[in-house]
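Visitor: Please take a close look at a single part of this model, the place where the two chains touch. I would also like a short word on any loop residues that deserve a check.

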Amino acid sequence: MMATLSDITLRTNQWITPHIVIFAIVLLSLPLWIAPVGLYQYIGIEIAIWIIFALGFNLLFGYTGLHSFGHGAYLGVGAYAFGLFQHHVGVSLIGGLLAAVVAAAIAGGFVASFVSHRRGIYFALMTIAFGQVFWFAAIKLHWITGGEDGLLGIPRPNLNLGVTSVDLSHNTALYYLIAVLLIVITAFTWRAVNSPFGRILQAIRQNETRAAFIGYEVWWFKWAAFTLSAMFAGLAGGLFAMAQESAYPDVMSLHQSGLIVMMVLVGGGLVNFWGPVLGVIVYFIARDILGSFTEAWLLWYGLMFVALVMFKPEGLAGVLAGVNRNNGVALKNLPAKIAEGK
Amino acid sequence: MIQFVPHIINGLTLGLLFALIALGFTLIVGVMEVINLAHGSLFALGAYFALAIIGGGWFGDTAFGAWWAALPVALRYITALIVAPILAGVAGMVLELALRRTYGKAPLYGLLLTFGAALVIEELIRLGWGTGEQSLSIPHAINGAILLGGLIFSKYKLFAAGFAVLAIIAVWLFLEKTPYGAIIKAGAHDGEMVRALGFDLASLRLLVFGLGAGLAGLAGVIMVPIWGLRPHVGVDVVIPAFLIIVLGGVGSFWGSVIAAIIVGLSVGITGAYAPAWSMMSMYILLILVVGFRARGLFGKKSALET
């Protein structure tokens with residue numbers, strides 16, 4: 001019997017759990033140890049951005065059971081919105097990020113109104129089609145988006161804290177901004193999936209017809225989950241534009257949209273809240289380590305992915321949980337144990 | 001009105017080619033209810049095999065290689081047209097063996113597995129043939145242009161469209177006029193019962209998947225002289241194929257053929273007036289149709305919806 005996300009025995013209304021505290025400590029201390037372990041600061045930025053994307057994506061993919069294969073589009077929309085805001089409205093960090101989230105919410109909400117009445121494979125197909133439309137538009141509307149080259153020279157605006165202003169042009173400073181945002185978002189997502197709203201999403205995954213018969217407006221919840229995950233993607237996109245100092249259509253391609261699915265699944269997003277986090281970390285580390293040995297690192301990553309789908313669709317989190325299950329202590333119950341002080 | 005005719009004929013030709021591309025995909029999804037996202041990569045693989053056969057790259061500087069290179073292009077082309085799809089079919093069979101573990105689970109897993117396989121095949125192609133753009137030589141007899149009623153047409157495109165018609169009819173006959181189609185279709189719905197009736201479902205599925213992959217490879221060999229060849233071609237191909245299946249309705253053979261022709265016409269006509277947006281028109285078409293008809297034009301209820 002495959003474990004599911006809804007097996008978590010403890011239902012908390014806590015915003016902060018021991019896991020989140022550990023995660024926050026790791027994130028905030030990362031600049032201190034990333035160089036000694038042989039990595040570099042920029043990969044920390046990439047990982048943090050993609051975790052934001054992946055956590056939001058898993059609200060839809062893992063929790064609601066809606067398999068979007070076109071989510072790269074909203075990351076791209078966020079990136080372009082951030083860039084266009086800096087170029088045409090004014091150089092502002094908050095403004096740019098807000099523009100990214102709002103633009104992605106509009107794009108996601110628009111698409112969601114088409115797809116939220118669909119399920120199964122038709123849902124996946126529609127998301128692919130819409131993803132391609134956005135990708136295509138980004139390439140062809142070159143007077144807005146810069147075509148295949150994308151928007152270049154996007155500035156990294158300073159963070160204004162009222163009394164002082166922080167220069168984000170240095171990667172470490174930018175990393176801290178993203179890490180803090182990520183911690184807030186992790187707590188928010190954790191709270192959301194354990195809220196009544198989150199439980200309805202899971203009910204829809206388990207049996208959509210039954211959820212509708214209980215009296216929930218299923219399509220509205222699907223719409224909300226889709227739009228919410230698009231907003232996460234938009235925020236990630238805005239941060240990505242800032243990190244890359246550019247925005248380009250490549251992130252919207254089917255290939256990239258497929259990669260986020262792979263990351264979430266490899267990590268175990270189907271069975272564990274932390275699956276997407278694990279998946280993103282594994283992907284980027286694999287890219288750098290395998291990539292330093294061979295040009296064809298995606299071949300090995302792809303083979304690993306195929307093997308996981310065949311033998312352990314629960315992903316790495318499922319593998320870890322399986323190790324612990326023998327002792328009668330599933331990994332997913334650990335938060336409960338820790339909370340009870342055992 | 002008369003200036004419209006070439007666009008319509010171009011669109012129809014393109015539609016038939018799209019139908020050929022989607023054929024293997026239709027076969028696999030219709031009979032086995034598996035979405036084969038590696039379809040495009042098998043298409044590319046078939047084309048690269050043909051490249052190796054026609055160019056003689058595999059035989060190197062041996063005496064056989066020299067003899068082979070001296071043969072007329074037509075002969076090498078025909079050999080490629082037969083051998084390359086078979087090789088792609090074998091690759092498809094290997095994929096089917098891996099895919100067996102996902103039968104009976106949610107359709108998502110088949111989708112994911114074939115997506116991973118697509119990535120792997122694409123990387124293997126990059127390793128084997130490099131990342132550059134390649135082209136395939138075709139026999140002189142079907143090269144060049146032809147004048148029909150005062151209009152110029154590419155001979156090769158007409159040849160390819162004719163070939164597509166033949167392939168469509170052959171697959172339809174296989175599905176409707178032989179018992180295999182019915183058995184495999186029944187197997188997708190109730191495998192236990194089909195096995196109880198004494199059919200060897202496992203080898204039938206292997207056969208169908210091999211056939212579907214072979215058709216993908218065949219489409220690759222046919223299409224590459226028109227579209228050019230790069231490792232990434234798989235993605236460019238799997239999307240239209242995918243789209244056509246959904247537009248026509250999953251599980252409907254003629255639905256997908258008709259959808260392919262509609263898509264061909266819309267791409268052809270858009271291409272005449274706004275070339276940059278021609279490929280976009282098919283996505284808009286899909287969204288319009290599926291937005292109103294959940295199962296596409298001719299779709300029936302399918303196991304893939306749960």
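Guide: What follows treats the interface, then two loop residues of chain A.

This is a predicted model, in which local features need pLDDT of at least 70 and side-chain atom pairs count only at pLDDT 80 or more, while totals for chains, interfaces and linings use all residues. Residues are numbered from 1 along each chain as its sequence is written, chains are lettered from A and ligands numbered from 1 in the order in which they are written, and side-chain values use heavy atoms, with hydrogens and water left out.

Chain A brings 40 residues to the contact and chain B brings 39 residues, where contact means heavy atoms within 4.5 Å. About 3,800 Å² is buried between chain A and chain B, with 83% of that area from carbon and sulfur atoms; buried area is the accessible area (1.4 Å probe) that two parts lose on being put together, summed over both. On the chain A side, the residues that lose the most area to chain B are A:Ile121, A:Tyr122 and A:Met310, together 19% of what that side buries.

Between chain A and chain B there are two residue pairs in polar contact, both at pLDDT 80 or more. A polar contact is a pair of N or O atoms within 3.5 Å; within protein, one must be able to donate a hydrogen and the other to accept it, and residues adjacent in sequence count only if both atoms are side-chain atoms. The elements that give two or more residues to the side of chain A touching chain B are helix H5 (120–140), helix H11 (254–267) and helix H13 (297–311) of chain A. Helices here are DSSP runs (H or I, at least four residues) and strands likewise (E, at least two), numbered from the N terminus. H5(A) gives the most to that side, with 13 residues.

The loop between helix H2 (41–63) and helix H3 (72–89) of chain A holds A:Ser68. A:Ser68 is buried, at a relative accessible area of 0%; buried means under 20%, exposed over 50%, and partly exposed in between (1.4 Å probe, protein chains only). Its side chain makes a polar contact with the side chain of A:His71 (2.9 Å) and reaches the backbone nitrogen of A:Gly70 at 3.4 Å. Beyond neighbours within four places in sequence, A:Ser68 is in contact with residues including A:Phe57, A:Phe123 and A:Val261.

A:Glu245 lies in the loop between helix H10 (218–244) and strand E4 (246–247) of chain A. Phi of A:Glu245 is near 55°, a positive value in a residue other than glycine. A:Glu245 is partly exposed, with a relative accessible area of 38%.
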